[in-house]
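Below are some notes on the model, set out as numbered points. They begin with a single side chain and work outwards from there.

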Amino acid sequence: IATNQTAFLIYGASEQDRTGIIIALLLAIANVPIKDIARDYILSEKYASLLSPTTGKQTIEAEFTRRLLFSPEAIMQPFKYLAKRYGSIAGYLQAIGINTVNIKRLQTILID
């Protein structure tokens, strides 16, 4: 995203939530408060669950999982861990090999 001069689309449909994590990291890079990211994440999960039909037992299990995993506190925990361990989301991204120049480019693309 940072090195291309084109529009981009992030899409996922395998229900493993890699897309949500990428979007959450991008929002954090754009200086969106973590509480807002968590709120958005929960809202997205709520509406996405309406698109996939479930029945009986699956509905009960899905609701249990949603309540357990998709609370604002649960979603904020990884961000708190990254901030404690790496100092910031940018610090984490640098630790996994994304250089400062590309992090700044991402911020510019996302904010401007």
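1. Setting aside neighbours within four places in sequence, Q107 is in contact with I29, N31 and D112. The model is a predicted one. Q107 sits in helix α6, and its relative accessibility of 18% counts as buried, because the cut-off for that class is under 20%.

2. One of those partners, N31, belongs to the loop between α1 and α2. Its phi is near 65°, which is a positive value in a residue other than glycine. N31 is exposed, at 55% relative accessibility. The contact between Q107 and N31 therefore joins a residue that counts as buried to one that counts as exposed.

3. The overall fold has six helices and zero strands, and the order of elements from the N terminus is α-α-α-α-α-α. Of the 112 residues in the protein, 22% are buried. Among contacts with a separation of 6 or more, 61% are between residues 24 or more positions apart.

4. In soluble globular proteins, nonpolar side chains tend to be buried together. Here the largest nonpolar core has 13 residues, and A28, I29, I37, F79, I89, L93 and L106 have the most contacts inside it. At least two residues of this core come from each of α1 (18-29), α4 (72-86), α5 (89-95) and α6 (100-111). The largest share is that of α1, with five residues.

5. Which residues is I37 in contact with, leaving aside its neighbours within four places in sequence? They are A24, L27, A28, V32 and F79. Of these, A28 and F79 are also listed with I37 among the residues with the most contacts inside the largest core.

6. A second core, separate from the largest one, has five residues, and these include A38, Y41, I42 and I75. I75 is also one of the buried residues of α4, along with M76, F79 and L82. F79 is listed in the largest core, whereas I75 is in the second.

7. Helix α4 deserves a closer look. It has 15 residues and spans 21 Å from its first C-alpha to its last, close to the 21 Å expected at 1.5 Å a residue. The helix nevertheless bends by about 25° at P78. After α4 comes G87, with a positive phi near 90°.

8. How many aromatic pairs does a search of the whole structure find? It finds one. The pair is Y86 with Y92, in an edge-to-face arrangement with 5.4 Å centre to centre and 65° between the planes. Y86 is partly exposed, at 29% relative accessibility.

9. The structure also holds one salt bridge. It links D36 to R39, and the closest N and O atoms are 2.2 Å apart. Both residues lie in helix α2 (residues 34-51), three residues apart, or about one turn of the helix. An α-helix has 3.6 residues a turn, so residues three or four places apart point the same way. By relative accessible area, D36 is partly exposed at 32%, while R39 is exposed at 53%.

How values were computed
Residues are numbered from 1 along each chain as its sequence is written. This is a predicted model: local features need pLDDT of at least 70, side-chain atom pairs count only at pLDDT 80 or more; totals for chains, interfaces and linings use all residues. Side-chain values use heavy atoms; hydrogens and water are left out. Rings of Phe, Tyr and Trp (its six-membered ring) pair if their centres lie within 6.5 Å; planes under 30 degrees apart count as stacked, over 60 as edge-to-face and the rest as tilted. Buried means under 20% relative accessible area, exposed over 50%, partly exposed in between (1.4 Å probe, protein chains only). A nonpolar core is a set of buried Ala, Val, Leu, Ile, Met, Phe, Trp, Tyr and Cys residues joined through side-chain atoms within 4.5 Å. Helices (H or I, at least four residues) and strands (E, at least two) are DSSP runs, numbered from the N terminus. Contact means heavy atoms within 4.5 Å. The expected span of a helix is 1.5 Å times one less than its number of residues. The bend at a residue is the angle between axes fitted to the seven residues ending there and the seven starting there. A salt bridge is a side-chain nitrogen of Lys or Arg within 4 Å of a carboxyl oxygen of Asp or Glu.
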